[in-house]
Amino acid sequence: PPLPPPPPPLRSCALILKELDLEDPELEDVVTYGAKIESAFAYFALRGCGLGGERADRGEAPRLRNYDASWSAWAAYPALPLETKSRAHGDAASAASSPNSRH
């Protein structure tokens, strides 16, 4: 059988980081989550784009964190921060208990 088509190319780091709105001075953490492989992929993609690392260690940039448990486990604790973004409309609707994180 023929090979499947290659996956689409990744978006540029500039575009990914722009969508995260990292200019917010109150932003402390960027957290990746999802199924284990998805959250790990997102973590390493963001790390490859320069997020986290030494600048975060010095307090100059947000920390990059990976939450590798399921969404249902996270959502079971209402005190944990939550921010949603509608992919269909591109608008951000925040239900954050902690406004200092991006998820």
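Me: Among contacts in the chain between residues at least 6 apart in sequence, what share joins residues at least 24 apart?

Reply: This is a predicted model, and in it 51% of the contacts between residues at least 6 apart in sequence join residues at least 24 apart.

Me: Which pattern does the chain follow when read along the sequence?

Reply: Such a pattern lists helices as α and strands as β in sequence order; here the chain reads α-β-α-α-β-α-β-β-β, which comes to four helices and five strands.

Me: How should I read burial, and which residues form the largest nonpolar core?

Reply: A residue counts as buried when its relative accessible area is under 20%. In this chain of 103 residues, buried ones make up 22%, and the largest nonpolar core has six residues, namely Ile16, Leu27, Val30, Leu46, Leu51 and Leu64. If residues up to four places away in sequence are left aside, Ile16 touches Leu46, a fellow member of that core, and also Arg11.

Me: How many aromatic pairs does a search of the whole structure find?

Reply: The search finds one aromatic pair. Tyr43 and Phe44 form this pair, with 5.2 Å from centre to centre and 90° between the planes, an edge-to-face arrangement.

Me: Why does Tyr43 count as partly exposed, and why does Phe44 count as exposed?

Reply: The class follows from relative accessible area, where over 50% is exposed and the range between 20% and 50% is partly exposed. Tyr43 counts as partly exposed because its relative accessibility is 21%, whereas Phe44 counts as exposed because its value is 57%.

Me: What does the accessible surface of the chain come to?

Reply: The accessible surface comes to about 7,600 Å², and carbon and sulfur atoms account for 59% of it.

Conventions: Residues are numbered from 1 along each chain as its sequence is written. This is a predicted model: local features need pLDDT of at least 70, side-chain atom pairs count only at pLDDT 80 or more; totals for chains, interfaces and linings use all residues. Side-chain values use heavy atoms; hydrogens and water are left out. A nonpolar core is a set of buried Ala, Val, Leu, Ile, Met, Phe, Trp, Tyr and Cys residues joined through side-chain atoms within 4.5 Å. Buried means under 20% relative accessible area, exposed over 50%, partly exposed in between (1.4 Å probe, protein chains only). Contact means heavy atoms within 4.5 Å. Rings of Phe, Tyr and Trp (its six-membered ring) pair if their centres lie within 6.5 Å; planes under 30 degrees apart count as stacked, over 60 as edge-to-face and the rest as tilted. Helices (H or I, at least four residues) and strands (E, at least two) are DSSP runs, numbered from the N terminus. Accessible areas come from the Shrake-Rupley method with a 1.4 Å probe; for residues, only the protein chains shown count as cover.
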